[in-house]
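Biologist: I am new to this structure and would like a close look at one part of it. Could you pick a residue to start from and walk me outward from there?

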Amino acid sequence: MTILVQERAASRSVLRRAFAVAIDICHAGGSFLARIIRIRRDRALLDELPDYLLRDIGIDRSEISSVTWFGSKAGSDGPWI
């Protein structure tokens, strides 16, 4: 195999890896955007609930932000684990 053929093969594999990394970055960005949209939607839904329903599911109104972002109450044995 000549040096030119070896360089082309090496550059193809580099381009393929770069393309795969670019796809992974786009996928991660899309996943992050979907998560942000889901968090905002869930916060809006929880903000609309009356206090007695929030107590029924085990959170206070002041905890809506952390529960929607992190998904659980720290140190809780309730339903948000």
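Modeller: Happily! Let us start with Arg35, which is found in helix H1, residues 3-48 (helices are DSSP runs of H or I with at least four residues, strands are runs of E with at least two, and both are numbered from the N terminus). Please keep in mind that this is a predicted model, where local features need pLDDT of at least 70, side-chain atom pairs count only at pLDDT 80 or more, and totals for chains, interfaces and linings use all residues. Residues are numbered from 1 along each chain as its sequence is written, and side-chain values use heavy atoms, with hydrogens and water left out.

Arg35 has a relative accessible area of 31%, so it counts as partly exposed (buried means under 20%, exposed over 50%, and partly exposed in between, with a 1.4 Å probe and protein chains only). Its partner to look for is Trp69: Arg35 lies over the face of Trp69, at 4.7 Å from the ring centre. A charge is said to sit over a ring if NZ of Lys or CZ of Arg is within 6 Å of the ring centre and within 35 degrees of the ring normal. Along the sequence Arg35 and Trp69 are 34 residues apart, while their C-alpha atoms are 9.2 Å apart in space.

Now move to Thr68, whose place is in helix H3, residues 64-70. Thr68 is buried, with a relative accessible area of 14%. Leaving out residues up to four places away in sequence, Thr68 touches Ile39, Asp42, Arg43 and Leu46 (a contact means heavy atoms within 4.5 Å). With Arg43, the side chain of Thr68 also makes a polar contact of 2.7 Å. That term covers a pair of N or O atoms within 3.5 Å; within protein, one must be able to donate a hydrogen and the other to accept it, and residues adjacent in sequence count only if both atoms are side-chain atoms. A polar atom of the Thr68 side chain also lies 3.0 Å from the backbone oxygen of Ser65.

Asp42, one of the residues that Thr68 touches, leads us to the charged pairs. Side chains of opposite charge can pair when their charged atoms come close. A search of the whole structure finds 2 salt bridges (a side-chain nitrogen of Lys or Arg within 4 Å of a carboxyl oxygen of Asp or Glu). In one of them, Asp42 pairs with Arg41, their closest N and O atoms being 3.3 Å apart. Asp42 is partly exposed at 27%, and Arg41 is partly exposed at 47%.

The side chains of Arg61 and Asp51 also meet in a salt bridge, at 2.9 Å from N to O. Because Arg61 lies in the loop between helix H2 (51-57) and H3, and Asp51 in helix H2, this pair ties together parts that are 10 residues apart in sequence. Arg61 is partly exposed at 36% relative accessibility, and Asp51 is partly exposed at 39%.

Arg61 also brings us back to helix H1, where Asp47 lies. Setting aside its neighbours within four places in sequence, Asp47 is in contact with Arg61 and Ile64. Asp47 is partly exposed, with a relative accessible area of 46%. Asp47 and Ser62 are 15 residues apart in sequence, with C-alpha atoms 10.0 Å apart.

Finally, step back to the whole protein. It has 3 helices and 0 strands, following the pattern α-α-α along the sequence. Buried residues make up 10% of its 81 residues. Of the contacts between residues at least 6 apart in sequence, 19% join residues at least 24 apart.
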